[in-house]
Amino acid sequence: MAPTSFGRMNALFSSPDLPALRVAIAADIDAMAALIHSILQSLELSPTRERIVADLTAIIATGQTTGEGAWVLTDIAGRIIGTVALRRVDKHTVELQKMYLDPRWRGRGLGRRLLDHGWAAAHDFGYQRMVLDTSERMTTALAMYRARGFTPIDRRDPWSHCDLAFERKLNDS
């Protein structure tokens with residue numbers, strides 16, 4: 001089932017002065033990986049570009065009919081400036097992944113809009129719970145997750161560069 005809110009959520013990005021949100025496709029993977037890798041390197045976090053490409057490839061290949069998906073935020077020239085993805089954990093739980101925004105575009109509410117889009121898509125896919133992993137080095141993201149009602153949990157991915165995990169029930173307003 002594809003999210004019914006895509007049009008509604010994309011309306012958050014439809015102003016001519018705001019970037020456009022669209023479904024990510026395989027041709028976007030290199031640009032998405034480059035953005036994510038550069039942000040992680042700037043924070044001195046260690047995932048390889050190859051690992052990022054593999055993760056994105058898997059998410060995009062499964063498509064949105066499986067309750068997963070990836071979206072990109074593009075500027076007026078079509079350059080990818082932001083990403084957000086969902087990965088199915090189990091029947092009731094989805095993981096918010098690959099939520100990154102080019103530092104030059106921060107401070108405009110676009111990160112919150114990416115999170116809101118992921119939230120609405122997860123809700124429309126029928127999930128009941130959203131989890132995410134992050135790093136204590138991502139202080140702005142941490143503040144946003146906490147402000148949006150995410151609470152810390154004990155969940156560790158041994159392959160992850162992240163040292164913190166959070167959750168929120170999707171039926172929370």
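**Group meeting: D28, α2 and the core**

Okay, let's start with an aspartate: D28 comes out at 7% relative accessibility, so we call it buried, the cut-off for that being under 20%. Bear in mind that this is a predicted model.

Where is D28? It sits in the loop between β1 (20-23) and α2. And what does D28 touch? If we skip neighbours within four places in sequence, D28 is in contact with R22, V23, V72 and I80.

Right, on to α2 itself. That helix is 14 residues, and from first C-alpha to last it reaches 20 Å, close to the 20 Å expected at 1.5 Å a residue. After the helix comes E44, with a positive phi near 60 degrees.

Now, which residues of α2 are buried? I29, M32, A33, L35, I36, H37, I39 and L40. Remember that an α-helix has 3.6 residues a turn, so residues three or four places apart point the same way. You can look at the buried list on screen with that in mind. As for what covers those buried residues, it includes α3, β2, β3 and β4.

Let me pick out M32. Leaving out residues up to four places away in sequence, M32 touches A24, L56, I60, A70, W71, V72, I80 and T83. So V72 and I80 turn up for M32 as well as for D28.

Last bit, the big picture. The largest nonpolar core has 47 residues, and M32 is among those with the most contacts inside it, along with L86, L96, M99, M130, Y145 and F150. Elements giving two or more residues to this core include α2 (29-42), α3 (49-62), β3 (80-88) and α5 (139-147).

Notes: Residues numbered from 1 in each chain as written. Predicted model: local features only at pLDDT ≥ 70, side-chain atom pairs only at ≥ 80, totals over all residues. Heavy atoms only, no water. Core = buried A, V, L, I, M, F, W, Y, C linked by side-chain atoms within 4.5 Å. Buried < 20%, exposed > 50% of the residue type's maximum accessible area, 1.4 Å probe, protein only. Helix = DSSP H or I, 4+ residues; strand = E, 2+ residues; numbered from the N terminus. Contact = heavy atoms within 4.5 Å. Expected span 1.5 Å × (residues − 1).
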